[in-house]
Structure formats: C-alpha cells, structure tokens
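Terms like "buried" or "oblique" can sound vague until you see the cut-offs behind them. Let's go through some of them, one question at a time.

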Amino acid sequence: MTAVNRHPPTPSDAEGLFGPQSVTWRIHGDPAMLLAGFRALLLQAVHPLAMAGFDSNSRFRDDPWGRLERTGTWIGTVTYGTRDEAEAAGARLRALHASFQPGVEPETGRPYRVDDPDLLRWVHCTEVESFLSTYRRSGGRLAPGEADRYVDEMRESARLVGLDPTTVPSDEAGLQEYYRQVRPDLHVTYVARRNALWGFAPPMPWWVQLATPARPSWAVLVGTATALLPRWARRLYGLPGLPTTDLTAELTARALRQALLALPPAWTTNPAKAEAERRLSA
C-alpha cells in the first residue's frame, strides 16, 4: 500500500487550513463526531483546573444547546472555513480567553487562567484524541499513517487558540505520552461530577420530551460517549474500566454511526462542510 504523505501540499486560501484532501476534513465531517464531542467534554472535565475554568466562565448550564452550537460552529469554521475565516475565529477566541478573570480551583486551591498554555494544551489534546479515537472505534477507516497525519494536521488548530504548534503532540505516540505525563494531575471534582450527571438529562422543552424520543436518545449518546472514554478516565469517574465495557461501547458506536449514515445526507452533512464544497466547486 502506498505510504501516506504526512505533509501534503499547502491548501489554498479558499480551501482553508486543511483542504479537502486532508484527514481532518474526513474525520470532522463524519457522523461519529456527534459522539466524539461528548467524549471530549467528559474527558476534559477530569482536569480540575480546566473544569473550574469552564464552569466559571461558561453559560453551559443556562444555555446548553447554545454552548454546543457555538462549539460546533468553531470546529466547522476552523475545519471548513477559508483561511481568513479560520484566522478571524482564532483571534476572537484568544481575545475571549484573555478577557476571563483568573480563578482558584476550590478543591485543590490551585490558581488558574483560562489562557494558560498548559490548560489550552490539555483541551487540544483531549479533543484531537477523542475525535480520532471515536472515529476509528465507530468504524471509520484510516490507512496506515493517516492517524499520525491527522494529529499533525491539528497542530494548526492548536496555533489558532494561542499555542506554539511545536509544544503539542504531532502523532499518536505523542498523545499517549502526553496523557502519561499529565495523569497524576487528574481527578474528578465535585463540579465535574455534578456537570457530568446533569449532562445525562439536560433541560428540554416539555413537548420534545413527551412527543419525541429525544430524552432516551440523548441518554444513549452520552452513555456511549462515556463508555468510549479511556479506561483510566472511566475509573476516575468511578465507572467500570473493563474490556467488556470497551466492546459494548464500540458495538453501540458503530450501530449509531451506521444509522446516521443511512439518513439522507442533507440531514447529517456538516453545514460548514457543505458550504466549503459549494465554494470550491464554484
């Protein structure tokens, strides 16, 4: 099999930071991202300082759907927007982070800043690893070398949030080494546990709960995302870290992805990706 080029040609301005031939376009446009996003949030929460910064500066509990929509818009713009659009989104995010006041995590007494490079690196690595792991475990195919290429491509995203790209992992082995180094600092705080439990049953309009399967469907999504966490992260939450849990999670994730792939593309295609494809074909 032909070796995968870790460093494909630089995309044009209209193609954005990655371009349609990138692994990033393929992974971020896959239905598995629905699970991957929840997994990333649950994993990020096991870092006490990251959780404290999120809880103090986010309106997630007041506006969960708006918060999820904004996160999706960020990923869509960075992945599929023009280079100018991605750079502008990065500048807005860096300015927002810089505007947040420093805080102190109540259980550890440790100070934090939302724009601390160590916290930004944690969020970046958990997103990249969650997106890659969930895509693959849900049945997404990758040729040899494409996983490392994806991790390498995503260093552009790290640059946008204010990180030096040379300080984040460039391949899968680097991600696992990063986890090994940071794990002594991780544990689930009261706030993280409260938010995780709340995430299983967020507020929904009464007619949605009564007239649609939204509530049980949401519980299945979040439950599967939780089971897809690394074993060590599940144990931090007090959940089983067993191989049987991994197997059940993968089977469920594959079934969910296949169900979504069977729907009309207009229902499941990322709007930002669709817009990028129209832009490039014009």
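What follows is a set of questions and answers about the words used for this predicted model.

Residues are numbered from 1 along each chain as its sequence is written, and side-chain values use heavy atoms, with hydrogens and water left out. Since this is a predicted model, local features need pLDDT of at least 70 and side-chain atom pairs count only at pLDDT 80 or more, while totals for chains, interfaces and linings use all residues.

Q: How many helices and strands does the chain have, and what makes a stretch count as one?
A: The chain comes to 16 helices and 2 strands. Helices are DSSP runs of H or I with at least four residues, strands are runs of E with at least two, and both are numbered from the N terminus.

Q: Why is T79 called buried?
A: Buried means under 20% relative accessible area, exposed means over 50%, and partly exposed is in between (1.4 Å probe, protein chains only). T79 has a relative accessible area of 1%, so T79 is buried. You'll find T79 in helix α4, residues 64–80.

Q: What does T79 touch, leaving aside its neighbours within four places in sequence?
A: Contact means heavy atoms within 4.5 Å. By that rule T79 is in contact with F18, T24, W25 and H28.

Q: Why does T82 count as buried?
A: Its relative accessible area is 17%, so T82 goes down as buried. T82 sits in the loop between α4 and α5 (83–99). Apart from neighbours within four places in sequence, T82 is in contact with D13, A14, G16 and R279.

Q: Is G238 buried or exposed?
A: G238 has 63% relative accessibility, so the label is exposed. G238 is in the loop between α13 (231–236) and α14 (243–261). Here's a nice detail: G238 and V188 are 50 residues apart in sequence and 9.1 Å apart in space, C-alpha to C-alpha.

Q: How much of the chain counts as buried?
A: Of the 282 residues, 45% do.

Q: Why are α6 and α9 called oblique to each other?
A: Axes are lines fitted to C-alpha atoms, for helices over the stretch in contact, and angles run from 0 to 180 degrees between N-to-C directions. The axes of α6 (residues 117–137) and α9 (residues 172–182) come within 11 Å and cross at roughly 130°. Angles under 35 degrees count as roughly parallel, over 145 as roughly antiparallel, 65 to 115 as roughly perpendicular and the rest as oblique. That is why α6 and α9 are oblique to each other.

Q: Which residues make the contact between α6 and α9?
A: On the α6 side they include W122, C125 and V128, and on the α9 side they include L175, Y178 and Y179. By class, the contact has 8 nonpolar, 2 polar and 5 charged residues. Ala, Val, Leu, Ile, Met, Phe, Trp, Tyr, Cys and Pro count as nonpolar, Asp, Glu, Lys and Arg as charged, and the others, Gly among them, as polar.

Q: What makes α6 roughly antiparallel to α7?
A: The axes of α6 and α7 (residues 146–153) come within 10 Å and cross at roughly 150°. That makes α6 roughly antiparallel to α7. In this pair, V128, F131, L132 and R136 of α6 meet A147, Y150 and V151 of α7. The contact divides into 6 nonpolar, no polar and 1 charged.

Q: Which residues touch the most other members of the largest nonpolar core?
A: A nonpolar core is a set of buried Ala, Val, Leu, Ile, Met, Phe, Trp, Tyr and Cys residues joined through side-chain atoms within 4.5 Å. This one has 64 residues, and W122, F131, Y150 and Y237 touch the most other members. The largest share, 8 residues, comes from α6.

Q: Why is T134 called buried?
A: T134 has a relative accessible area of 1%, so T134 is buried. T134 lies in α6. Not counting residues up to four places away in sequence, T134 touches A32, L35, A36, R39 and L228. The C-alpha atoms of T134 and R254 are 9.7 Å apart, with their positions 120 residues apart along the chain.
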